[in-house]
Amino acid sequence: MSSVGAAGGMNGADASEDARPGSDEEGLSGPGQDFDDPLGDPEGPSEDPQPAEGAQLPDSDSELYDPTGGMLSGWGFRANLRLNLPICLACGSVIPPRSIQTHLNGSHKGSGISVSQGDMECLISQFGISPEWPTHPDSIPLAFEGLRTKIGTLCPYPGCHGTWGNASAVKAHYVKDHVSEEGQQDALRTRDLTNAWHTATQWHRFVEGKTGQGLIDMITLPKSTSHPLYKLKSSVISYYEEAYELIKNTGQRLTFLKECHALVFPTLPLSAADEDALAPPPVSLSDAADRLTPWLHLGTECTFHSIQTMKNHASTLAEFDRKEPNMWWKRGSNSTVLTYFGHDISLDGLRRCQGALEDATRKLMQETLLLGLHFPIDFPSLVDDVSNTEPGYSLFLDPANRKALGPLDQLAQAILDSPELRKRFVISVDGLKITWRADELSRWLDGYSSLDRLCLVQLEMNCGAPGRTTELTGLTAVNTSTGVCRALQEMDGGLVMVQVYVKTCARDGYDRFIPHSINTSLATTLIYKEAVCRPFAQICASVLFPNDQEIKAMYQDSLFIKHKKAFDADDISKTMKTWTEEYLGYGLTISDWRQVSMPLRRVHAGMAESLMDEQEETVDAAQAGHSQGTDHAHYGRTERMVTGLAEGYLGPFLENSLAWHETLLLVPGKRGEFLPRV
């Protein structure tokens, strides 16, 4: 038998790599399921399999059972009586016996579940489980317990019974599998482009008349070993590796350029001029640097000169190319409704959207993550040593706050103390050794990831000017060993998110810290997330990913985590679009939000516009991570556009956020229990 470290699978995981066409999530249809055949495997055992001693037989109304006496359930699987095949309970899909370990490795990597080849063969030989996929049905498939039923579209091609999740997927499948691609792709055509950038670069001329595949072929490295550029990639890598080695010993001579040429062009002889040009450089490193200097300044015809010239031209165009209005205030709306791309974006709808986000976040926290339990926190007693830069420090790990926050393991202990929750989450307890159910931990961790996603959307939308998502998704929960400061800090009686804006570091010589005050409900959620939920999330990560140090480090340092990787801008955009589409009638992405929120804050939140420095930036613009000039030149330009000044101290930054809280009818940033909205 196999050694099972934890039971169950991982909820919400992707379909396994060994799934047949039509069985994965993209190709699923319906009315149908991940794999379905009312007849099962015609070549399977003719007699019903005899359950082993202690087998978990199906209830009278259930098709799912465990013929192995618990081994199959320990992997997170059950057998379907009609299909006579294993079902992954977490994925809701059919997995043939010999593919179980492959499925676990692909879709539930890090679950800690190991299945030997002997155990998989035992399912076939000893317990009579069918070894093959069921025959694909010739009609609309029936429902099988344990398999997910989905609504989809049937392929119209005669004889093809493929089913797909939507019309676009069917069209893509039809073109790929049933229609010859020959003659389907026309050459790319470009019209005359007259804007200043294309006039200067003439880039459009390089793609005129080219096919898409032709453009790809132009940049693809040759595969033929006889091609002169075949060794280009390895030679460039070797070149840089040797260059980095020279940093360790600057007394060595830079003599590898000629060897690099010989590797790349082994069949091309060097001319006499080339020999002179590639003569060994002088011994002195400063002399070698002097020889390279002309190629790193404008004026010398080289790659650097071309790139810098285009960069300067682009900067000039961006600074002086004034944009036309891209939205208008709706007449008679008293500046509460913006018309954006033909859609009305109302302040009232935005308020309802934020209220619904608060409600969903509160419900997810209380029911899914806190499991309906109550963990009191003494908010007024919390302190934060804002001057502490020691790695690993945060206000939630400060010993001075332990009494106010409660023990680090309070959620795990509450689960063990509750018979109902213990049965749900724990397989066994042997002294200090706890064997957790991997499937339940994975479901809980999915909820933790969903909470992080909702928190990210709210931080982007309701804490003042939207910050740069690159810095937002990379926020840290604690001070790191590389000098990155924790994102959540206590300031002025409330919780504040501090973003580090690094875009202007090269220009200014320092990172800019941008504080955003967090509204009460979201602040309370974040405090509970960090104080109560994060320690249990770290337990989940150690069980599900025991050998992946990178993932466990993420749960130690990163403020927001998408199960086993970091969030990106697309994750925030997709979630934001879903919520705004429901309450505003038009789905806004991050880019759209930066546009429409600007004029709303100007009119209703009284954007702080006192001087910040000699560059005359506004607090709102700085909070968004760009200059006031960029702010007014490119974001939310209405027909009543006006300019303003700027300022950059802590008070104005926080006041800017608080004013936006009040505009959205959110309880401004003070700590407390889950307070009702005003």
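Here are some worked exercises on the predicted model above.

**Warm-up: the whole protein**

Task: Find how many helices and strands the protein has, and what share of its residues count as buried.

Solution: Start with the secondary structure, which comes to 26 helices and 16 strands. Then take burial: 45% of the 678 residues count as buried. Finish with contacts between residues at least 6 apart in sequence, where 65% join residues at least 24 apart.

**Exercise 1: a sheet of three strands**

Task: Work out the order of the sheet that holds S9, S10 and S11, and say which strands stand at the edges.

Solution:
- Step one, pair S9 with S10. S9 covers residues 327–329 and S10 covers 337–340; they run antiparallel and three bridges join them. Trp329 has Leu338 of S10 as its bridge partner.
- Step two, pair S10 with S11. S11 spans residues 343–346, and four bridges link it to S10, again in the antiparallel sense. Leu338 turns up here too, with Ile345 of S11 as bridge partner. Val337, for its part, is partnered by Ser346 in S11.
- Step three, put the pairs together. The result is an open sheet in the order S9-S10-S11, with antiparallel pairing. S9 and S11 each have a single partner strand, so they are the edges, and one side of each is left without a neighbour in the sheet.
- Step four, check the twist. Neighbouring strands here are turned by 30° against each other on average, if you ignore direction.
- Step five, look at the turn. The hairpin of S10 and S11 has two residues between the strands, and Phe341 takes a positive phi near 50° there.

**Exercise 2: a sheet of four strands, and a helix on it**

Task: Name the edge strands of the sheet that contains S2, S3, S4 and S5, then find which of its strands helix H2 touches.

Solution:
- Step one, get the order. The strands run S2-S3-S4-S5 in an open sheet with antiparallel pairing. The edge strands are S2 (64–65) and S5 (93–94), each pairing on one side only.
- Step two, add the helix. H2 (residues 100–107) packs on the sheet and touches S3, S4 and S5, and its direction makes about 135° with that of S3.
- Step three, zoom in on one pair. S3 (residues 77–80) and S4 (residues 85–88) run antiparallel and are joined by four bridges. Asn80 stands opposite Leu85 in S4.

**Exercise 3: one helix, two partners**

Task: H13 packs against H22 and H17; decide how H13 is oriented to each of them, and which hand each crossing has.

Solution:
- Step one, take H22. The axes of H13 (residues 347–369) and H22 (residues 569–584) come within 9 Å and cross at roughly 130°. The two helices are therefore oblique to each other. Their crossing is right-handed.
- Step two, list who meets whom. On the H13 side you have Gly349, Leu350, Arg352, Cys353, Ala356, Leu357 and Ala360, and on the H22 side Trp579, Thr580, Tyr583 and Leu584. By class, that's eight nonpolar, two polar and one charged.
- Step three, move on to H17 (residues 438–462). H13 and H17 pack at an angle of about 155°, with their axes 10 Å apart. That is over the 145 degrees needed, so H13 and H17 are roughly antiparallel. H13 passes H17 in a left-handed crossing.
- Step four, look at this second contact. From H13 come residues including Leu350, Gln354, Leu357, Glu358 and Leu364, while H17 brings Trp444, Tyr448, Leu451, Leu454 and Met461, among others. The classes here are 13 nonpolar, seven polar and one charged.
- Step five, compare the lists. Leu350 of H13 is in the contact with H22 and also in the one with H17.

**Exercise 4: a cysteine in a loop**

Task: Place Cys160 along the chain and decide whether it counts as buried or exposed.

Solution:
- Step one, find the loop. Cys160 sits between strand S7 (153–154) and strand S8 (163–164).
- Step two, apply the cut-off. Buried means under 20% relative accessible area, and Cys160 comes in at 17%, so it counts as buried.
- Step three, see what Cys160 touches. Leaving out residues up to four places away in sequence, the contacts are Cys155, His173 and His178.
- Step four, gauge one of these. His178 is 18 residues from Cys160 in sequence, and their C-alpha atoms are 9.4 Å apart.

How values were computed. Residues are numbered from 1 along each chain as its sequence is written. This is a predicted model: local features need pLDDT of at least 70, side-chain atom pairs count only at pLDDT 80 or more; totals for chains, interfaces and linings use all residues. Side-chain values use heavy atoms; hydrogens and water are left out. Two strands pair if DSSP finds at least two bridges between them. Buried means under 20% relative accessible area, exposed over 50%, partly exposed in between (1.4 Å probe, protein chains only). Contact means heavy atoms within 4.5 Å. Axes are lines fitted to C-alpha atoms, for helices over the stretch in contact, and angles run from 0 to 180 degrees between N-to-C directions. Angles under 35 degrees count as roughly parallel, over 145 as roughly antiparallel, 65 to 115 as roughly perpendicular and the rest as oblique. A crossing is left-handed if the near helix is turned anticlockwise from the far one by less than a right angle, and right-handed if clockwise. Ala, Val, Leu, Ile, Met, Phe, Trp, Tyr, Cys and Pro count as nonpolar, Asp, Glu, Lys and Arg as charged, and the others, Gly among them, as polar.
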